[in-house]
Amino acid sequence: MLAFFVACSTVDIAPVDSPVPVATEAPPAVEPEIATPIVTAARQYMGRPYRFGGRGEQLDCMGLVFLAWADATGGSWRKLSVNPTRIVARRQLGPSVEGLAGVPTERIDWSLLKPGDVIFLLGPTQNPAEPAIATVDGVPEWVWHMGLYSGGAERRFVVGDHFHGRVSELALPAYLTRYANWYDAIFVTRPAGV
């Protein structure tokens, strides 16, 4: 498996007490604008245990995005690259979103995000398996985590999360603040029609 998952696989994955709000099930009153097919598909995996490389009964971050994308599009997730820079270059999960193609977390323009967007969380730690996905403020950044933006007032995202040990729906701003020592930027793509 590529080094993309090294950070995820070496982290203590026991659930943590955190200020990050966690929804273990889809919100009871789903706002219509956030009930996109890919978000709905991702939510069906809520609570599944995290496992590095998982693509079935246990999921990692990429596994969740791949399965949700496949469920929403009818495509085969096995045709997607496991290399984030290739995913982006080939537009396999949609084109990059202007203004969010490598932006520091403290300068995210939240109005540019739409439910269903793929959020790649970046850090300056080099991944020897692939090139940096972006240069942010002169610093090369590599993908170390990913999830699907679900939106709402809390600006949530659905993620197979190594910190929480399961697929969860979390408030993205609080998550980025809590794990700022891991992730200091994001890169966003927008899958077509999902």
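A residue counts as exposed when its relative accessible area is over 50%, as buried when it is under 20%, and as partly exposed in between. The legends below use these words in that sense. The model shown is predicted.

**View A. Arg48 and Glu57 form a salt bridge.**
The closest N and O atoms of this pair are 4.0 Å apart. Glu57 has a relative accessibility of 61%, which is over 50%, so Glu57 counts as exposed. Arg48 has a relative accessible area of 21%, so this residue falls in the partly exposed class. The model contains 6 salt bridges by the rule applied. Side chains of opposite charge can pair when their charged atoms come close.

**View B. Arg43 and Glu169 form a salt bridge between distant parts of the chain.**
The closest N and O atoms of Arg43 and Glu169 are 2.9 Å apart. Arg43 belongs to helix H2 (residues 37-43), and Glu169 to strand S7 (residues 166-171). In sequence, 126 residues separate the two. Are these partners buried or exposed? Arg43 is buried, at 9% relative accessibility. Glu169 is buried as well, with a relative accessible area of 1%.

**View C. Glu169 also forms a salt bridge with Arg156.**
Here the closest N and O atoms are 3.2 Å apart. The pair links strand S7, which holds Glu169, to strand S6 (residues 156-161), which holds Arg156. These residues are 13 apart in sequence, and the pair again links distant parts of the chain. Arg156 has a relative accessibility of 10% and counts as buried. Which residues do the shared partners join into one network? They are Arg43, Arg156 and Glu169.

**View D. Phe157 and Tyr175 form one of the 8 aromatic pairs in the structure.**
The ring centres of Phe157 and Tyr175 lie 5.2 Å apart, and the planes meet at 70°. Planes over 60 degrees apart count as edge-to-face, so this pair is edge-to-face. Phe157 sits in strand S6 and Tyr175 in helix H5 (residues 172-178). The pair therefore ties together parts that are 18 residues apart in sequence. Phe157 is buried, at 0% relative accessibility. Tyr175 is likewise buried, at 0%.

**View E. Trp182 and Tyr183 form a tilted aromatic pair.**
The distance from centre to centre is 6.4 Å, with 45° between the planes. Trp182 is partly exposed, at 29% relative accessibility. Its partner Tyr183 is buried, with a relative accessible area of 1%. Which residues make up the aromatic cluster? Phe157, Phe163, Tyr175, Tyr179, Trp182 and Tyr183 form it.

**View F. Strand S8 is covered on both faces.**
S8 spans residues 185-189, and 5 of its 5 residues are buried. In a regular strand the side chains alternate between the two faces of the sheet. On one side of S8 stand Ala185, Phe187 and Thr189. On the other side are Ile186 and Val188.

**View G. Strands S2 and S3 are each joined to S8 by bridges.**
How many bridges join S2 to S8? There are 4, and the two strands run antiparallel. S2 covers residues 96-104. Val103 stands opposite Ile186 of S8. Strand S3 (residues 118-123) is joined to S8 by 5 bridges. S3 and S8 run antiparallel. Ile119 stands opposite Val188 of S8.

**View H. Thr105 lies in the loop between S2 and S3.**
Thr105 has a relative accessibility of 18%, which is under 20%, so this loop residue counts as buried. Which residues does Thr105 contact, leaving aside neighbours within four places in sequence? They are Leu176, Tyr183, Asp184, Ala185 and Ile186. Among them, Ala185 and Ile186 stand on opposite sides of S8. Tyr183 belongs to the aromatic cluster of View E.

**View I. Confidence across the predicted model.**
The average pLDDT of the protein is 85, and 81% of the residues score at least 70. Over residues 1-34 the pLDDT is below 50. This stretch has 94 contacts in the model beyond near neighbours in sequence.

Technical notes:
Residues are numbered from 1 along each chain as its sequence is written. This is a predicted model: local features need pLDDT of at least 70, side-chain atom pairs count only at pLDDT 80 or more; totals for chains, interfaces and linings use all residues. Side-chain values use heavy atoms; hydrogens and water are left out. Buried means under 20% relative accessible area, exposed over 50%, partly exposed in between (1.4 Å probe, protein chains only). Two strands pair if DSSP finds at least two bridges between them. A salt bridge is a side-chain nitrogen of Lys or Arg within 4 Å of a carboxyl oxygen of Asp or Glu. Rings of Phe, Tyr and Trp (its six-membered ring) pair if their centres lie within 6.5 Å; planes under 30 degrees apart count as stacked, over 60 as edge-to-face and the rest as tilted. Contact means heavy atoms within 4.5 Å. pLDDT is the predictor's confidence in each residue, from 0 to 100.
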